[in-house]
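Please open the structure in a viewer and keep the selection panel at hand. The tour below moves from the whole chain to individual elements and residue pairs.

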Amino acid sequence: MNDPEGYVLLATILLPLATALALLAVPGSRRDIVNVMSVGVGVILLGLSIFVFIAYQAGGGTQFQLQVDWIENVGFLGENGITLHLGLDGISAPMMLLNGIVTSAGALISTKITYRTKDFYVLFWALVAGVFGTFASLDLFFFFFFYELAVLPMYLLIAVWGSTRKEYGAMKLTLMLVAASVAIFIGIFAVFTEAGLGTFDLPTLYAAGLDEDFQKIFFPFMCIGCGVLAGLWPFHTWSPDGHVAAPTAVSMLHAGVLMKLGAFGIIRLGIQLMPEGAQFWMPGLMVLGTVNVMYGAISAMAQKDLKFVIGYSSVSHMGYVLMGLATLNVIGMNGAVLQMFSHGVMTALFFAMVGAVYDQAHTREIAIFGGLAGQTPRFAAFFAIAGLTSLGLPGMSGFVAEVNIFIGTFRTYPIFAGMAVLAAAITAAYVLRLLATAFFGPLNPRWATLKDLSVRETVAGCALIGSLLMMGIWPAPFIDRIVPTVESILKVAS
């Protein structure tokens, strides 16, 4: 029996795909039509993502399920085959909301693109469909299909519309993520063969009870394969280069949403599918996550380019996510999911602001700015809010997420928790130094004609800020959805 709300999940996937196909019929010269269609679809997707988040009933369990048979009883697949199985739990519901928020802001920001606008949006909407599909998929085959659909358009989006060594950044990103996907692919077919059920259905595979030794062998394939997209050290090097080279909206999606697919994959394909393997390997993930946090924070402090600062900051903040997952306790994993949402919105805001100033200044070198708070007050205020979220100011979403992670980590790995707190202090240092250098002090006469944010940049920024404040001030709607799902996952893992 399919839930009526399941068709809403299907709509979040089909609508961006249909938009990409419809845009192919629009003349490339009609940028006005392309922009109106894309902004309109972004608003609709935002509305749908808000609906599914609110409509998801807190208390755990998979809801909004929709099953459509695709391949049945074909050869080695047996009786069950492959099914388009969609559904939401308390972890995927906030991720759907995150994608709706960042996508709508990115679609609005991208209306300033003038070169091959139609082609840009075709790839943009294909990527967005892949993200929604990954978060909603409960079939291992379609999970991997949508995962790859979200990753592959990045090459052209960066190589064609990017800047600053864009071909290098695009190729490096693609090669590393495709290599990581090979590890996931091996893990998927190993699980399919080991289970021997002739199905890729994730709930069925979760209940199969895979052999403990098998889990210990193949958990790293899933964890590292997905962890590369999450910026897992030492496989993170594609990320800062990709951030810097990508156009604004792609940087927003790259850091805001795509890196969360990696962490989400660790949960879905690692912890849930191979819980005993997770118990065995999580101390290793804790070590790597802590290195992420420290290395990213120290590297960010050394950067002179605004985008590189945010790029390495993302590596650091995704380390908090990995640490939270590695705790395998309720408060730590709750903090990890909260951090996925918080960091997604925060970095989208960061990159939107950097893109706004880069379009005019054609430089991102921190040292040559100064006094921008007086010249561009909205830009300075929006960037400062993102920075304060990054350093964990109370009242912002970053504080709620990091407190949960710190407490969860102190309960299991107190030494690593202390290092995470130290990294938070380093984060505060480089964020405050950046704000002091670029936005305060005397105005550099070179920027006397610099204009403040446009209307579209202001609207997109306000939407992102509203999301950060909502979680920071009223985190209950998120926690009420996340915690029961985490508890049910850990009950199996224990």
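How much accessible surface does the protein chain have, and what percentage of this surface belongs to carbon and sulfur atoms? The accessible surface amounts to about 17000 Å², and carbon and sulfur atoms hold 68% of this area. The model on display is predicted.

**The whole chain**

Begin with the complete chain in cartoon representation, which shows 20 helices and two strands. The C-alpha trace extends over about 70 × 60 × 40 Å along its principal axes. A compact globule of 494 residues would have a radius of gyration near 23 Å, and the 21 Å of this chain agrees with that expectation. Colouring by accessibility will show that 63% of the 494 residues count as buried. Among contacts with a separation of 6 or more, 81% are made by residues 24 or more positions apart.

**Helices α5 and α19**

Select residues 140-151, which form helix α5. Its 12 residues should span 16 Å at 1.5 Å a residue, and the 17 Å between its end C-alpha atoms agrees. Helix α5 is largely enclosed by the rest of the structure, because nine of its 12 residues are buried. Among these buried residues are F142, F143, F144 and F146, as well as E148.

Next, select residues 455-473, helix α19. Here the expected span for 19 residues is 27 Å, in agreement with the 26 Å between the end C-alpha atoms. The buried residues of α19 include E457, G461, L464, L468 and M471.

**Salt bridges**

Side chains of opposite charge can pair when their charged atoms come close. The model contains eight salt bridges. E457 of the previous stop should now be displayed together with K112 and D359, since a network of salt bridges links K112, D359 and E457.

Turn then to D305 and R364, whose side chains meet in a salt bridge with an N to O distance of 3.1 Å. This pair links distant parts of the chain, 59 residues apart: D305 lies in the loop between α12 and α13, and R364 in the loop between α14 and α15. Are D305 and R364 buried or exposed? Both D305 and R364 are buried.

For a pair within one helix, select E212 and K216, which are both in α9 (residues 212-229), four residues apart, about one turn of the helix. Their closest N and O atoms are 3.2 Å apart. E212 is partly exposed at 37% relative accessibility, and K216 is partly exposed at 23%.

R116 and D119 form another salt bridge, at 2.8 Å from N to O. R116 has a relative accessible area of 45% and is partly exposed; D119, at 26%, is also partly exposed.

**A loop residue: I113**

Select I113, in the loop between α3 and α4. With a relative accessible area of 14%, I113 is buried. Apart from neighbours within four places in sequence, I113 contacts R31, F120 and W161.

**Nonpolar residues with exposure**

Which residues make the nonpolar surface patch of about 310 Å²? The patch is formed by L152, V178, V182 and I186. V178 belongs to helix α7 (residues 166-195) and is partly exposed, at 35% relative accessible area.

Finish at I407 in helix α17 (residues 397-412). I407 is partly exposed, with a relative accessible area of 36%. A distance label drawn from its C-alpha atom to that of G332, 75 residues apart along the chain, reads 6.9 Å.

Technical notes: Residues are numbered from 1 along each chain as its sequence is written. This is a predicted model: local features need pLDDT of at least 70, side-chain atom pairs count only at pLDDT 80 or more; totals for chains, interfaces and linings use all residues. Side-chain values use heavy atoms; hydrogens and water are left out. Patches are made of residues with over 30% relative accessible area and no salt bridge: like charges are joined within 9 Å, nonpolar side chains (Val, Leu, Ile, Met, Phe, Trp, Tyr) within 5 Å. Accessible areas come from the Shrake-Rupley method with a 1.4 Å probe; for residues, only the protein chains shown count as cover. A salt bridge is a side-chain nitrogen of Lys or Arg within 4 Å of a carboxyl oxygen of Asp or Glu. Buried means under 20% relative accessible area, exposed over 50%, partly exposed in between (1.4 Å probe, protein chains only). The radius of gyration is taken over C-alpha atoms; the globule rule is 2.2 Å times the number of residues to the power 0.38. Contact means heavy atoms within 4.5 Å. The expected span of a helix is 1.5 Å times one less than its number of residues.
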